[in-house]
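Open the model in your viewer and keep the selection tool at hand. We will go stop by stop.

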Amino acid sequence: MTYKTDLPVMLPVTPREAEPFLRLSLWHAIPIAAVCIVGPSLAFAADGIAILSPLAVLANWAPLLLKGFVFNLVISISAMGLGTAAGAMLGLGQISPNRAMRGSSWFVTQFFRNAPWLVLLFFAMFLLPFEISILGLKIPFPDWFKAILGLSLPVMANVSEIVRGAVNSLPSGQWEAAESLAYTRRQTLWLIILPQCVKRMLPPWMNLYAILTMATVLASIVGVSEVMTLTGRALSAEGGRPELLAPFYGFVLLLFFAYCYPIARFTVRLEKKFSVIT
Amino acid sequence: MEFFFDWFRVLYDETGINLPFLYDSYDRNRMVNGFLTTIWLSLVCLFFSVIIGVIGAWLQGSSFKWTRRIVNGYIQIFRNTPPLVQLYFFYFAIGTLLPKVENDWGGQSPLLGSFAWAAISLSFFAGAFNVEIFRSGIEAVPKSTVEAAEALGFSKLMIYRDITLPLAFRVVLPALNNNLVNLVKTTTLAYAIAVPEMLYEANQIWSDNVNVTEMMIFLLLAYFALVGVLVSGMNRWERAMKIPGYG
């Protein structure tokens, strides 16, 4: 119930999006990176003559770390693809007219949404076999593939909620109008409801993708050689010098920031563009 | 009680469902400690992340341009980088720069242990989201309310503490609830720096007993229960705090 007065007690709450950070654009990342990485290096480099400065060490390892980061992106894209496909089905199950179907889809969604990502990753890592044989054909399940499956489970549950939320956010008049025009349920869903939902689903879906990308480093805990694992190995290969820790971990942070920040800004822009004016 | 625990030993002998954290007192202690560590870590992080959110939201309303910029920078950096890398950065990079202190046995030990770093890093991570959440609530408080308080001679801090925040807090509780659930789930990351929380202890137990399936299912159910308790508690609080006619 809302009252129209000149002095409202509370204004409507709108979810607030973070303001851009100093209006940074992508190219700003380069000088900032330079400061972050060169700064600590200079402080330590003063006494080292024989050993390489931390920055030079990092420059040596950077191509390998970048390769690892690309592997992270591959994991994130495949997990997103798998999770979206499964989640869309689950989401449609959640709005099905069949009670049992609705209930079970709801349960699966809630179960995977409320479990920590890391536990689900362990779940997939340890409970899936390392190979399966179908009709005598052995299909190996490498670590990275299990990691993709493990990460796609929470993605699936979240996409399911996004789909359900988007369908429920449409005015019921759309359903009724379609019914009065003698559309079947399937036609209504595919021709009328879902096309309108895509716009509403895109911003939360992209948000989810950013979260997933940041979750791919979890795969390092279960032994997939992505950027975090490679960073650890590079650090130990350099003899565990303490002054290297900050530049190396800072570099990984920066890689993810450079990838996720533009996505976040783009999502905000899309949200503004698609926002429904009531 | 012993009879109850022994029943699970019989269950193991009969069916092969191995739940050593119930019948074995050593494993039981480990599991209980892990569970308590998870709860304690969650509570510490909940507390500090809400504090960070409240203070950050206040600073974001500051009239100094640079204060706002620094808070925005903090939010963007912590929201757009993986929490695990933040944790490593804090624990390994900053932790090694801090001075070492002498411990009881005369040896050198780091100033802050893994639990402390996990608490700090996760609080900052969740706090970045909380700042935005509180800010959205503060913006929902009409200007006229603040002006009325100003006319009554409230100072800026008093207005925030006694008028804006209590009103804002009520409307942002659902969003806050969501973020705090996420925070509880993120405490599993502390596993990576060997904080003996639930996932870590479960890992120890399944390494000793080779019962990954049972422990996994138990873990999922345990987190399900933890999150359920938090959500129902928050919902109850939300109802209790509700003022009829507001909102």
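Select B:Val146. Is this residue buried or exposed, or something in between? B:Val146 is partly exposed, because 17 other C-beta atoms lie within 10 Å, and a buried residue would need 20 or more. This is a predicted model, so treat each stop as a computed picture. B:Val146 sits in helix H7 of chain B, residues 143–151. Now show its contacts. Beyond its neighbours within four places in sequence, B:Val146 is in contact with B:Val141, B:Ile159, B:Ile163 and B:Thr164. Add B:Lys156, ten residues along the chain from B:Val146. The C-alpha atoms of this pair are 9.4 Å apart.

Stay in chain B and go to B:Ala194. It lies in the loop between H8 and helix H9 (198–209) of chain B. Check its backbone: phi is near 60°, a positive value in a residue other than glycine. Most residues other than glycine have a negative phi. B:Ala194 counts as partly exposed, with 13 C-beta neighbours inside 10 Å.

Next, colour the two chains separately and look at where they touch. Here 44 residues of chain B are in contact with 41 residues of chain A. On the chain B side, the elements that give two or more residues include helix H4 (65–79), helix H5 (83–97) and helix H6 (114–139) of chain B. Select H10(B) too: its eight residues are the largest share of the side of chain B that touches chain A. Colour that side by class. You should find 26 nonpolar, twelve polar and six charged residues.

Now pick B:Val85. Which residues does B:Val85 touch, not counting those up to four places away in sequence? They are A:Val217, A:Met228, A:Tyr249, A:Val252, A:Leu253 and A:Phe256. B:Val85 also belongs to the largest nonpolar core, which has 128 residues. Those with the most contacts inside this core are A:Leu121, A:Tyr249, A:Val252 and B:Val85. In soluble globular proteins, nonpolar side chains tend to be buried together.

Hide chain B and view chain A alone. It has nine helices and two strands. Along the sequence, the pattern reads α-α-α-α-β-β-α-α-α-α-α. Of its 278 residues, 35% count as buried. Among contacts between residues at least 6 apart in sequence, 74% join residues at least 24 apart.

Find the strands. S1 of chain A (residues 131–134) and S2 of chain A (residues 137–140) pair in the antiparallel sense over four bridges. Click A:Ser133; its bridge partner in S2(A) is A:Lys138. The two strands form a hairpin with two residues between them. A:Leu135, in the turn, has a positive phi of about 55°.

Move on to helix H5 of chain A, residues 143–169. With 27 residues at 1.5 Å each, this helix should span 39 Å, and its end C-alpha atoms are 39 Å apart, so the two agree. Look along H5(A) for a bend of about 25° at A:Leu153. A proline, A:Pro154, follows within four residues. H5(A) is mostly covered, with 20 of its 27 residues buried.

Last, select helix H6 of chain A, residues 172–180. How many of its nine residues are buried? The number is zero, so H6(A) lies largely in the open. A:Ala182 comes after H6(A), in the loop between H6 and helix H7 (185–215) of chain A. Its phi is positive, about 65°, although A:Ala182 is not a glycine. A:Ala182 is exposed, with 7 other C-beta atoms within 10 Å.

How values were computed: Residues are numbered from 1 along each chain as its sequence is written. Chains are lettered from A and ligands numbered from 1 in the order in which they are written. This is a predicted model: local features need pLDDT of at least 70, side-chain atom pairs count only at pLDDT 80 or more; totals for chains, interfaces and linings use all residues. Two residues are in contact if their C-beta atoms, placed from the backbone, lie within 7 Å. Ala, Val, Leu, Ile, Met, Phe, Trp, Tyr, Cys and Pro count as nonpolar, Asp, Glu, Lys and Arg as charged, and the others, Gly among them, as polar. The expected span of a helix is 1.5 Å times one less than its number of residues. The bend at a residue is the angle between axes fitted to the seven residues ending there and the seven starting there. A residue is buried if 20 or more other C-beta atoms lie within 10 Å of its own, exposed if 12 or fewer, and partly exposed in between; C-beta atoms are placed from the backbone. A nonpolar core is a set of buried Ala, Val, Leu, Ile, Met, Phe, Trp, Tyr and Cys residues joined through C-beta atoms within 7 Å. Two strands pair if DSSP finds at least two bridges between them.
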